[in-house]
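The following exercises are to be worked with the sequence and the coordinates at hand. Each task is followed by a solution in steps.

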Amino acid sequence: MIGWFAGLSFAAPLTLLALAALPAIWLLLRVTPPAPRHLVFPPLKLFAHLQPRRETPARTPWWLTALRLLLAACVILAVAGPVWNPRAGDDAAGQASAPLALVIDSGAASAHDWARRIDLASRLAQAAGRAGAPIALFATAEAPTPQAPETAAAISRRLGALAPQAFAPDRLAWRDHIRAWLQAHPGARVAWISDGVELAGKPASRQFASDLTDASGGRLIIYGDAPAAALALAGVVNGADGLEARIIRPAGAALGPAQGVARALDMRGLPLGEGAFSLASGEVETQARINLPIEMRNRAARIDIVGQQTAQAVTLLDRRNQRRRVGLVTGVTADLAQPLLSPTWYVDRALAPTAEIREPRMGASAAIGALIDEQASVIILADVGGLEPAMRQRLEAWVRAGGVLVRFAGPRLAAAAGPDGGSAAGDGAHDPRDRLLPVRLRGDGRSLGGALSWETPKTLAPFNREGPFAGIDAPAEITVRRQLLAEPDGDLPGRTWASLADGTPVVTARRDGEGLLVLFHVTADPSWSSLPMSGAFVQMLQRIVAMAPDTTTLERPAGENAGQNAGQNAEEAGEDAPALARPAALPPRRILDGFGLWRDPPATARGVAADFAGRASLAHPAGFYGPVAAGRAVNVLETGDALAAIDFSGFEARSLSARTARELRDPLLLLALGLFLADCLATLLLGGGLWRRRLGKTAALTALALAAGLWTAASPGPARAQGMLNTPQYQLPDSWRPPGQPPAPTPRARPPAPKPPSPPRTAVNGFTARDLDAAMETRLAYVITGDAQVDAVSRAGLIGLGEALAQRTSFEPAEPAGVNPSTDELAFYPVLYWPVVAGRPAPDAAALRKLDSYMKGGGLVIFDTRDAMTARPGVTTPEGAQLQRMLRTLDLPALEPAPQDHVLGKAFYLLDNFPGRYSRGQTWVEALPRRANGERVPARGGDGVTPVIITSNDWAAAWAVDASGLPMLPLTTDGHDSEERQRELALRVGVNVVIHALTGNYKADQVHLPALLRRLGQ
Amino acid sequence: MARVRAQAVSVAGVLAPGARGDVAAPGAVERARDLAGRLPRIVLEARRVAASVAGVHGRRRAGVGENFWQFRPYVPGESAARIDWRRSGRDGRLHVRQREWEAAQTVWLWVNLSSSMGFRSSLAMDSKAGRALTLGLGLAGALAEAGERVGLLGAGQTSGGSTALERLAGACALQLRETGADQPDLPPEVAVARAAAIVLVSDFLNPPQMLAARIRALAHQGARGHLALIADPVEETFPFSGQVMLETMDGAARLRIGDASGWGEGYRAALARHRAELAEIAARWGWSLTLHRTDRPASEAALRLLSLMGAPVTSRADDLRARGSGA
């Protein structure tokens, strides 16, 4: 108990005396009951004399008292400023107020327990900050710069932003800066939060530690645990049948058994395969094999250890780990019509799945030059005999630099390699022993099992266990009928990779410089043997190709030698040589952070040379550099690296989880606040005020509103959606029309009108929510005149018409829209109802322009003067005058009273006239073309929709319904029809108008249907 | 503890149930208007009650009415004019034809609409005043249908027939409108005709001696009476605990109680005593006492009251005699 309290100290211990007041508080609280519930109780008037007998529960409930006492105790304790474990952080140098140099390793090895490190650093910084000591932060994976002393708050902010980097930190680069700071702050102490790991064989960390000790006068504390759980990947080998990942742990640490899974991912991060591994206790290295087909292996871009969130446990693969570029050259003029006879057919088929095949269609020498330029790592010569001397030299240099040259025998090679062949090539300087052949060849070779031979075709002997073809099954059905023979000499057995059953070599090879010369003593096609048709052939070629080096390593030698070349190829190569010789810098493309996640390249990342090799560093953090196809991967660890735990013996080293001072004031205050809230709630509950008082309801509503507001603020969904409506991506082209409308009508029979200016851009560009709404559903529209009564009737009328349409037709319009033609986009509405009100200002120019384009675009405007009652022949009513004023500047077609056979009367119902509220008024539509002589059709229509209908019958008033669906206004009949009949006819007029607007002259065309059917029948 | 919410509903609130007690007490005229608005519903409800108990109220007693009631054997000494000769000729014995006792009875109704009647708890179906009106008017309707004449005690007019219920309701409304909501919580001291029946519907939260004085005054005039005690279930049980502040409907009295459950025990005992005193007062004058809780349907109480009213009259003298013999 005492030991437990030993870790607690107070900044202001005297304040604790206030705890003595708690009993007094307790007494006070006991007698102060919570507010009573208010109850209305009528019998009280009779029983008011009944006095309560005991008052016990009127006291505060014990738990409420306890709550309040705890609250008071919390406040008192918080004011006393408690610090948990106060001395832990301060005794680094025996004094808390000494300046603190905080050195923190922020390399890849720190990532696996980064949060703990930052936590420790923050606590150290806060402890120093409490003592008022200046602090400096040195993160070893950052670019080394001089540091200024800062406050604990600033350090905390920096620590929050600090992230581990994907490389091993170069601590020694910081040494001078730290030393300078320590000299500027005498008496300073150093806390080094170390990742505890260094590369085996480069023990620079002890030097760093001793330098710090010296510079600080021995006031150094090292915090660091041996990172036993941290595994790292050091090298991935694209092996014969799987990716082999080498998993290492730092030697020297206490290592328990570990197991895990290594995983291969492709460039997009999709997992390709995985392999398990396990490490015995104390074991520092193991292999994880990820079994994958070669095609999948070539796609692997990243190997990592599942669950290890560090860049150390990631190995990126580039083209060096991927398939080689193989060049194919044949001396035979290939007959493309018979590909099976081509010598390269089988090689191509064997290697195509695993290698990139290049087969230049040109002469052998030119092709070889092109392949060397293309940085092929393997060149296969199928029966190529002599070469141009310059090209031969270039090829020899390429092989010495590391290229793999595979040659297949054939008549030409036999001719060129024979004892006489050398002179046949006409090259005096030719060494009889072809330097591009692994062995010396004998003459024409031999034929086995031919028609004139006694011998039978030979079979392959099993492959040599030590040879590169070990493990490949040599099928017995492979027969060799003809081969080139090697001169037997002492080197021959060592150079033989495969031989026939009688011991004569079939495949020989020889190292030449860095490169390799391989000779198949048979042809690449099946003319000499059946080897090219066997599966063993594929495996043999793949083994050979797998031995080829990375292509890029071949550039320089090729370039250097190119300068000596003569001829055209040499000239080209010579020009290219300087470019090839200068390794282009590959810019960083995707960089890992310390946790092994992708990030954008930091400012400190520099491009790497194309032949860069080495570990990641500050300038080159781990990641991909250069283009995708020919990029280069930089990893934290190189193949073959080993890790070692830093030996901290001799220094004061502590565990990361060392106790540090922790202030308890803020948690205590928070606790007190929570208790206070609980107390408020309890008081309310006890007093019943939460339910009874309207205040409570108001408070609850306020709280709800607050919560809703917070929620809304936290989720900007709707607001964003609102904003999106105005984004340009919803702009519609000017020519766009609503789907309910027929396409723009062909020119009508009317004098050519001047092209009206396009509608105002503002209306088109600024599509509003209202426009979208209008476009979502087809709806009827009316023009808002400003006369409230007229507008109400228009709206009610269109609602009534809409109901009739929905009942009777397949068109179910949405709620009608009131539009202002000068501001609103009209294109969404098939029909626009425009009641004419006398005395209103005429529509402005913008509205007229819009109206004009609306009508020309297939829209239908109904002008309703509503004056059939007052109109007298020869007298212009005010509405009529208003309409004339409105339409004066509008480009209207010629109008005529709707004829009997107009399609408007046939579109849905058969109508003779077009009554509304009145039945006497005339209805005007666009004049139809003259009827052809003798034509008798029941319905006529123009080419499209009549753009305008002018009526005086007040249609909307007849359509108008009130909220309950009953007619709104009485009708004025002319005595022929009853009011109901006239209303029905008016509705039919409306239906016809809308159907006409939606279907155009479809009904007029229908009259030709019998004729069409008759014609189809024939 | 049962969670009970007691709503403070004023008399106005009876009639407008949405109103809460903490709304400033509206003026008398306003309350009366509330009543006028609420009355039609109460009348409808009362009609339903009346219909459900129709037919219960018959006299089943011989009397001076016009309807045949029964034949009974002639008792020597009776007036010979009363012999029904036709019946007597059938079997040779003398029979007397009796008619049903059919003198129209006058029933005076009084409904307490004072402020305490506006109370309604969450356990109740209606406020006490609403229930009292429903019960009283329903009773009056049923009685009027059965041929009695009903009137508001103190209003002076009686009416009969099928429209009596509405007239009574109208009289109620008129009374409220004239006097506002400050209705007395005791029946008025008025003169009533002898042999009239009086129905008092109230919560009887009055001092027993004051109530006894009024009842004595009415009973002395020869009236028979029935007390219908309307009580809210919360008033019956007082299901509260903890610390409460009690107040009456009009806010005239307040009581702060530390331990409501403890006080409740005393309250229930006091209430039982009060009830006993009420019963004693009623029994003293041969009146009946019917307890009706507002969480029960009104027709229950109406049925009981009608049955009681149809029971043979026990005059005060008979009652006293019975008591004397019993004692």
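**Exercise 1. A helix on a sheet in chain B**

Determine which strands helix α8 of chain B lies across, and describe the sheet to which those strands belong.

Solution. In this predicted model, helix α8(B) covers residues 260-284 and lies across β9 and β12 of chain B. Its direction is at about 145° to that of β12(B). Next, place the two strands in their sheet: it is open, has 6 strands in the order β7-β6-β4-β8-β9-β12 of chain B, and its pairing is mixed. The edges are β7(B), residues 158-160, and β12(B), residues 288-293, each of which pairs on one side only. On average, neighbouring strands of this sheet are turned by 25° against each other, direction ignored.

Finally, examine one pair within the sheet. Strand β8(B), residues 197-202, runs parallel to strand β9(B), residues 224-231, with 6 bridges between them. One register point is Val201(B), whose bridge partner in β9(B) is Ala228(B).

**Exercise 2. Composition of the two chains**

State how many helices and strands each chain has, and what share of each chain is buried.

Solution. Chain A has 31 helices and 42 strands, while chain B has 10 helices and 12 strands. Of the 1018 residues in chain A, 42% are buried; for the 327 residues of chain B the share is 42%. The contacts complete the picture. Counting contacts between residues at least 6 apart in sequence, 77% of those in chain A join residues at least 24 apart. The corresponding value in chain B is 73%.

**Exercise 3. Strand β18 of chain A**

Establish which faces of β18(A) are covered and which strands pair with it.

Solution. Begin with burial, for which the criterion is 20 or more other C-beta atoms within 10 Å. In β18(A), residues 378-382, 5 of the 5 residues are buried. One face carries Val378(A), Ile380(A) and Ala382(A), the other Ile379(A) and Leu381(A), and both faces are covered.

Then consider the pairing. Strand β16(A), residues 325-330, runs parallel to β18(A) and is joined to it by 5 bridges; here Leu328(A) stands opposite Ile380(A). Strand β19(A), residues 404-408, also pairs with β18(A) in the parallel sense, over 5 bridges. In that pair, Ile379(A) has Leu405(A) as its bridge partner.

**Exercise 4. A hairpin and a second partner**

Identify the two strands with which β28(A) pairs, and locate the turn of the hairpin.

Solution. Strand β28(A), residues 588-592, is antiparallel to strand β31(A), residues 623-625, and 3 bridges join them. Strand β28(A) is also antiparallel to strand β29(A), residues 598-599, through 2 bridges. Ile591(A) serves as a reference point: it stands opposite Gly623(A) in β31(A), and its bridge partner in β29(A) is Arg599(A). Between β28(A) and β29(A) there are 5 residues, and the two strands form a hairpin. In the turn, Gly596(A) has a positive phi of about 80°.

**Exercise 5. Helix α29 of chain A**

Check the end-to-end distance of α29(A) against the expected span, and explain why this helix counts as largely enclosed.

Solution. Helix α29(A) comprises 21 residues, 979-999, and the expected span is 1.5 Å times one less than the number of residues. This gives 30 Å, and the end C-alpha atoms are 30 Å apart, so expectation and model agree. For the second part, 16 of the 21 residues of α29(A) are buried, and therefore the helix is largely enclosed by the rest of the structure. Just after α29(A), Gly1000(A) takes a positive phi of about 65°.

**Exercise 6. Confidence and annotation**

Decide where chain A calls for caution, then compare one annotated segment with the model.

Solution. The mean pLDDT of chain A is 77, and 78% of its residues reach 70 or more. Among the elements of chain A, helix α22(A), residues 717-724, has the lowest mean at 36, and strand β38(A), residues 831-835, the highest at 92. Residues 420-432 of chain A stay under 50, with 9 contacts beyond four places in sequence. Where pLDDT is low, the predicted coordinates should not be read in detail.

An unreviewed UniProt entry lists residues 6-29, 62-84, 668-691 and 698-714 of chain A as "transmembrane region". In the model, residues 62-84 of chain A are 78% helix and 13% strand, with end C-alpha atoms 31 Å apart.

Note on methods: Residues numbered from 1 in each chain as written. Chains lettered and ligands numbered in written order. Predicted model: local features only at pLDDT ≥ 70, side-chain atom pairs only at ≥ 80, totals over all residues. Helix = DSSP H or I, 4+ residues; strand = E, 2+ residues; numbered from the N terminus. Buried ≥ 20, exposed ≤ 12 C-beta atoms within 10 Å, placed from the backbone. Contact = placed C-beta atoms within 7 Å. Pairing = 2+ DSSP bridges. Axes fitted to C-alpha atoms, helices over the stretch in contact; angles between N-to-C directions. UniProt positions renumbered as here; feature names shortened; annotations may be inferred. pLDDT = per-residue confidence, 0-100.
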